[in-house]
Amino acid sequence: MSKLLVVDDEFRIRQIIRKYAEFEGYTVEEAVDGMQAISVCRERQFDIIIMDVMMPELDGFSACREIRKFCNTPIIMLSARGEEYDKIHGFELGTDDYVVKPFSPKELMMRVSAVIKRSSSNNSVKNDVFTYEGLSVDFSARIVTIDGARIDMTPKEYELFFYMVKNKGIALTREKLISEVWGYDFFGDERTLDTHIKLLRKSLQDYSRCIVTLRGVGYRFEAN
């Protein structure tokens with residue numbers, strides 16, 4: 001049974017998530033702010049964390065930054081702010097998904113299931129290495145290097161990049177990328193994918209040219 005940690009200063013939000021999560025079979029624990037979340041995560045392991053951004057004592061972004069220092073548990077951020085800057089900031093900190101309030105509890109549970117599924121399947125990556133000029137991708141070790149220097153990426157950047165590399169030369173629609181990388185039916189916000197592409201291009205430096213935008217379709221990874 002998967003263990004879920006809900007971090008939100010609003011009792012009503014915690015109760016709604018608990019109700020739907022327990023109905024889906026999850027074991028649920030709660031924290032009321034970022035400081036408590038960090039303390040709980042040091043003591044116990046969870047399969048996923050759902051964390052609000054705006055909280056007293058310590059906000060969700062700061063808590064995520066601290067948790068990532070000792071724990072790779074998948075994190076879904078909740079926020080009433082839907083600006084691209086906030087989403088980018090969250091993804092750069094290593095969050096796995098970003099949900100804007102008010103949200104559909106059913107959709108949230110679908111995202112939770114998808115993130116856990118993607119996280120548990122990471123160990124099944126094939127043991128092979130892709131190289132192109134100074135770019136090297138070790139799928140089994142989840143290491144990307146450029147001219148010998150290791151490139152740090154968020155978990156979702158790794159998943160998106162690995163999928164594109166494994167399907168190099170193939171036109172990948174936005175719907176296909178969302179389905180394969182996020183693992184849930186697309187709910188109408190293509191900006192989530194586009195934001196991750198921007199972050200990925202930034203991480204790839206000169207090799208950002210390998211990610212080609214196909215207007216009206218999606219993206220393609222080219223390494224010729």
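# Briefing: helix H1, salt bridges, a sheet and some backbone details

Just after helix H1, Gly 25 takes a positive phi of about 100°. The model is predicted. It holds 18 salt bridges and 0 disulfides. The points below start with H1, then turn to charged pairs, one sheet, the cysteines and a few backbone details.

**Helix H1**

- H1 has 13 residues, which at 1.5 Å a residue should span 18 Å, and the C-alpha atoms at its ends are indeed 18 Å apart.
- The buried residues of H1 are Ile 13, Arg 14, Ile 17 and Ala 21. They lie on the same side of H1, because the arc they cover around the axis is only 95°.
- In an α-helix there are 3.6 residues a turn, so residues three or four places apart point the same way.
- Phe 11, Arg 12, Lys 19 and Phe 23 are exposed and sit on the face of H1 turned away from its buried side.

**Salt bridges**

- Side chains of opposite charge can pair when their charged atoms come close.
- Glu 30 and Arg 18 form one of the salt bridges, with 2.7 Å between the closest N and O atoms. This pair links distant parts of the chain: Arg 18 belongs to helix H1 (residues 11-23) and Glu 30 to strand E2 (residues 27-31), 12 residues apart.
- Both partners are partly exposed: Glu 30 has a relative accessible area of 23%, and Arg 18 has 21% relative accessibility.
- A salt bridge also joins Glu 92 to Lys 202, where the closest N and O atoms are 3.8 Å apart. Glu 92 is in helix H4 (residues 84-92) and Lys 202 in helix H8 (residues 191-204), so this pair ties together parts 110 residues apart in sequence.
- Glu 92 is partly exposed, at a relative accessible area of 41%, whereas Lys 202 is exposed, at 62%.
- Lys 176 forms a salt bridge with Glu 180, and their closest N and O atoms are 3.1 Å apart. Both residues lie in helix H7 (residues 174-182), 4 residues apart, which is about one turn of the helix.
- Lys 176 is partly exposed, with a relative accessible area of 36%, and Glu 180 is partly exposed as well, with 28%.
- Asp 8, Glu 10, Asp 52 and Lys 101 are joined into one network by salt bridges that share partners.

**An antiparallel sheet**

- Strands of a sheet pair through backbone hydrogen bonds, either parallel or antiparallel.
- Here 4 strands form an open sheet, with antiparallel pairing, in the order E6-E7-E8-E9.
- Strand E6 (129-132) and strand E9 (149-151) stand at the edges; each has a single partner strand, so one side of each is left without a neighbour in the sheet.
- From one strand to the next, the twist averages 25°.
- Strand E8 (residues 143-146) pairs with E9 over 3 bridges, in the antiparallel sense. Val 144 has Ile 151 in E9 as its bridge partner.

**Cysteines**

- The structure has 0 disulfides. Cys 41 is in none, and the nearest cysteine sulfur to it, that of Cys 71, is 5.5 Å away. A disulfide would need the two sulfur atoms within 2.5 Å, so this distance does not qualify.
- Cys 41 counts as buried at 8% relative accessibility.
- Cys 210 is also buried, with a relative accessible area of 1%.

**Backbone details**

- Most residues other than glycine have a negative phi, and most peptide bonds are trans.
- The peptide bond from Lys 101 to Pro 102 is cis, and its omega is near -10°. Pro 102 is in the loop between strand E5 (97-100) and helix H5 (105-120).
- Asp 147 is not a glycine, yet its phi is positive, at about 55°. This residue is found in the loop between E8 and E9, and at 64% relative accessibility Asp 147 counts as exposed.
- Gln 205, which is not a glycine either, has a positive phi of about 55°. It is placed in the loop between H8 and strand E11 (211-214). At 45% relative accessibility, Gln 205 counts as partly exposed.

Note on methods. Residues numbered from 1 in each chain as written. Predicted model: local features only at pLDDT ≥ 70, side-chain atom pairs only at ≥ 80, totals over all residues. Heavy atoms only, no water. Salt bridge = Lys/Arg side-chain N within 4 Å of Asp/Glu carboxyl O. Helix = DSSP H or I, 4+ residues; strand = E, 2+ residues; numbered from the N terminus. Buried < 20%, exposed > 50% of the residue type's maximum accessible area, 1.4 Å probe, protein only. Pairing = 2+ DSSP bridges. Axes fitted to C-alpha atoms, helices over the stretch in contact; angles between N-to-C directions. Expected span 1.5 Å × (residues − 1). Arc of directions from axis to C-beta.
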